[in-house]
Amino acid sequence: MLNKQEIIKLLQKAGLRPTRQRVLVGRLLFGPNHTHVSAESLYLTIQKQGQKMALATVYNCLNQFHKVGLLKKVHVVRDVIIFDTNLSYHHHFLNVDTGELMDIDDSTISIAGLPKLPDGFETESMELTIRVKPQR
Ligand SMILES: [Zn+2]
């Protein structure tokens with residue numbers, strides 16, 4: 001977890017005013033490990049820590065972070081938008097039981113036999129999601 005000063009610097013560098021809420025959300029997101037969060041999951045984490053922040057505020061923070069390039073919006077899992085602190089090009093395993101995403105490094109994947117693109121289109125990006133479930 002980055003300390004408060006480091007988060008304030010990160011926000012200022014991205015052009016965001018370091019409000020109390022943004023600093024709190026930033027401290028929960030930007031640490032040594034990449035993480036995937038939804039507004040709802042982060043809201044619950046904040047509550048568990050005994051802090052007060054409205055769900056709408058959490059959602060606004062995430063969207064603002066996304067707008068300035070601090071987060072990627074990756075997936076909609078069960079109608080929930082998931083934000084990703086890993087900004088590099090990568091893929092995901094999606095646990096369909098829990099909705100949890102796990103990163104897959106791009107270098108571990110090679111994809112062959114792609115279909116011809118529709119006329120008039122070029123590839124913008126391609127991210128693979130492998131849907132997994134626990135073995136029964
Ligand atoms: Zn990811």
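**A walk through the sheet and the core**

Let's begin at one spot in the sheet: K72 has D84 in β3 as its bridge partner. Before going further, note that this is a predicted model, in which local features need pLDDT of at least 70, side-chain atom pairs count only at pLDDT 80 or more, and totals for chains, interfaces and linings use all residues. Residue numbers start from 1 along each chain, as its sequence is written.

D84 is a handy landmark, since H36 also stands opposite D84 in β3. Around this residue you can trace an open sheet of three strands, ordered β1-β3-β2, with antiparallel pairing. Its edge strands are β1 (36-37) and β2 (72-77), each pairing on one side only. Strands here are DSSP runs of E with at least two residues, helices are runs of H or I with at least four residues, and both are numbered from the N terminus. Two strands count as paired if DSSP finds at least two bridges between them.

Now compare the two sides of β3. Five bridges join β2 to β3, while β1 and β3 pair over two bridges. Further along β2, H75 stands opposite I82 in β3. β2 and β3 form a hairpin with two residues between them, and R78 in the turn has a positive phi of about 50 degrees.

Stepping back, the chain has four helices and six strands. Read along the sequence, they follow the pattern α-α-β-α-α-β-β-β-β-β. The C-alpha atoms fill a box of roughly 50 × 40 × 25 Å, taken along the principal axes.

What about the interior? Of the chain's 136 residues, 21% count as buried, meaning that 20 or more other C-beta atoms lie within 10 Å of the residue's own, with C-beta atoms placed from the backbone. In soluble globular proteins, nonpolar side chains tend to be buried together. Here the largest nonpolar core has 21 residues, and V25, L42, V58 and L62 have the most contacts inside it. Such a core is a set of buried Ala, Val, Leu, Ile, Met, Phe, Trp, Tyr and Cys residues joined through C-beta atoms within 7 Å. The elements giving two or more residues to this core are α1 (4-13), α2 (20-29), α3 (39-48), α4 (55-67) and β3 (80-84). α4 gives the most, with four residues.

L62 is a good residue to click on: leaving aside residues up to four places away in sequence, L62 touches A39, L71 and F83. A contact here means that the two C-beta atoms, placed from the backbone, lie within 7 Å.

Methods
Buried ≥ 20, exposed ≤ 12 C-beta atoms within 10 Å, placed from the backbone.
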